[in-house]
Amino acid sequence: MSEDGIKEIEENTEKVNLESEMANDGDMDEENDDITIPELPEGKILELRLLSNWGDPNFIGLNSVEIFTSTGERAVVENITTNVTEYTGNLESLLVERIRCKDTEKMWCAKKSPENPDGQIIVRLEFKESCKLALVRFWNYNASRVHAQIGVRYLEMNLDGIGIFRGELECAFSADSEFTPIMGETVLFTTSESILELIAVHDICLINLPEEPIANTTTLELLKADHLTPYRPSTCEEKDTPNTPTISLPAPKFPSCPPTGYRHDVKVLHLELLTNWGMDGLIGLTGMELVDDRNQLIDESQFTVVTSDGNKEQTLKLFNGRNLTRDPQDMWLVDFDTKKPVTITITFHEIVALKAISIWNYNASFEMSYAGVKASKIYVNGKLFKNIVFRKATGFVYFDYVQDIVLDPNMTENEHVPKGISQSIGGFVFQIRLLSTWGDEFYIGLNGIELYNRKGELIKVRENNLAAFPESVNILPNIKNDLRTSNNLITPPNDTDIAKHMWLTALLPNRCARVFFVFDVQTYISKIVIYNYRKTPDRGVRHIS
């Protein structure tokens, strides 16, 4: 258990430095703007400076703080004080071990001063004796999704007057680290395995840690863990529910070829992988599929694959069919030198009518997704067909992250913004995180979303460009055939009071709802228009990122 515990701690370590513009603190010396996290800093007085919160105009607070020393034990705090006079909760409650507490009486939050809204709020902890800090974990304010904005965002730690950390704490319901068991926000001051093993013995977060990571958890399993589900109020109304099930047939993956349509008679397909998304020394893919002119997958028995690294065992992973995964054992990863491109050569036993290539980029984790392929060249029968930018994988599996490269010479992608145009953002995946509602604890929804290109024109978003997690309230075991599904987000009318034209989904424990717009080519967006949920305003979105 100790090795898993060490990995969990290391993966959740936050070493984010604040930009200087966010640290507008008159008492901070300029030479301390860049704080380097030290190894086992020693001292007796720990000072927490709460610099800002996640948006609440009146309060800033925390659930609790855990402090471990180099002996693996919890630091003994002899005295805890603050510089503010108006606050809610007991200051000593910050030192009580509570992981999933939502009782406001057992948390602590300070009232901001109207006269000095940007003034620092300081919590001062005095240890019984001088000690070496190995790990500090923060549990942010989480009384509800609505009040999670009270939680601390930017924080600084000083030990005996010396800065040891400045960075950002995650909002309690922003769910950036959704692929590991709930671990709070951990700041690590050591990488010593022996010390981390000692901490694991005393750390309640690592006791009874589940063996399987949440990354592989299904929506149904998340629902089983949803302690609120038995008390979740019904959201269905008879007028919203059809008498017979509504079945939506998926659109064809690729358009059918017209009589003079595009296709390529291919004997040899060659991919030259030129760059990755930033990982030093590695490049990889999760998987590939080849599609013929009848929209059928070309069986692996019809071709052979050779890669420049010559590792046949690794090469087999490209076509093993296990593409929606975060398991590196099912992915192809090789050494990479920017001066020498990696190649994949596919030779067909007989000439085939090739229409498209489906690519799943490397997706083992958010960090490892930077090993995925970025720039590449595709050659057909020895001739350069086109330069392609592969979409970076997301690091999670909330939707099918496949990228379809259609071998149509008429389809071009504009990879660069023309000079003089700067009011647009280019990318492959646009993600909207719905962090809180206007009061509802169980459901969150929207009427619609519109994307506009850099010419100010509405982008026609198709259903295969849209994904939502959770998809809709239909994921709940007691709801079936509710019409408020995710496709309503891109289907007019949006300015409406009619529920069947809206989207509603469930709020799951320690998750934020998400909406994804996923494109196979670089897409530029100048404006996003969001229509909030109108049927029940409390269920509308309040905070997004």
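The following legends accompany close-up views of a predicted model.

**View 1. Strands β21, β19 and β23 form an open sheet.**
The order of the three strands is β21-β19-β23, and their pairing is antiparallel. Because β21 (503-506) and β23 (527-532) each have a single partner strand, they stand at the edges, and one side of each is left without a neighbour in the sheet. Direction ignored, neighbouring strands of this sheet are turned against each other by 40 degrees on average.

**View 2. Strand β19 pairs with strand β23.**
Strand β19 covers residues 443-452, and six bridges link it to β23 in the antiparallel sense. One position can be followed across the pair: G448 has Y531 of β23 as its bridge partner.

**View 3. Strands β20, β22, β18 and β24 form an open sheet.**
These four strands are arranged in the order β20-β22-β18-β24, with antiparallel pairing. The edges are taken by β20 (466-469) and β24 (541-544); each has a single partner strand, so one side of each lacks a neighbour in the sheet. From one strand to the next, the twist averages 30 degrees.

**View 4. Strand β18 is joined to strand β22.**
Residues 425-437 make up β18 and residues 513-525 make up β22; the two strands run antiparallel and are joined by nine bridges. Within this pairing, F430 has F517 of β22 as its bridge partner. In general, strands of a sheet pair through backbone hydrogen bonds, in either a parallel or an antiparallel manner.

**View 5. Strand β5 pairs with β2 and with β4.**
Strand β2 (residues 59-69) and strand β5 (residues 108-111) are paired in the antiparallel sense over four bridges. Strand β4 (residues 87-88) also runs antiparallel to β5, and two bridges join them. Residue A110 of β5 appears in both pairings: A110 is the bridge partner of I60, and A110 is likewise the bridge partner of Y87.

**View 6. Three isoleucines form a nonpolar patch on the surface.**
The patch consists of I528, I530 and I544, which together have about 240 Å² of accessible area. Residue I544 lies in strand β24, an edge strand of the sheet shown in View 3. The relative accessibility of I544 is 45%, and I544 therefore counts as partly exposed.

Conventions
Residues are numbered from 1 along each chain as its sequence is written. This is a predicted model: local features need pLDDT of at least 70, side-chain atom pairs count only at pLDDT 80 or more; totals for chains, interfaces and linings use all residues. Side-chain values use heavy atoms; hydrogens and water are left out. Two strands pair if DSSP finds at least two bridges between them. Axes are lines fitted to C-alpha atoms, for helices over the stretch in contact, and angles run from 0 to 180 degrees between N-to-C directions. Patches are made of residues with over 30% relative accessible area and no salt bridge: like charges are joined within 9 Å, nonpolar side chains (Val, Leu, Ile, Met, Phe, Trp, Tyr) within 5 Å. Accessible areas come from the Shrake-Rupley method with a 1.4 Å probe; for residues, only the protein chains shown count as cover. A salt bridge is a side-chain nitrogen of Lys or Arg within 4 Å of a carboxyl oxygen of Asp or Glu. Buried means under 20% relative accessible area, exposed over 50%, partly exposed in between (1.4 Å probe, protein chains only).
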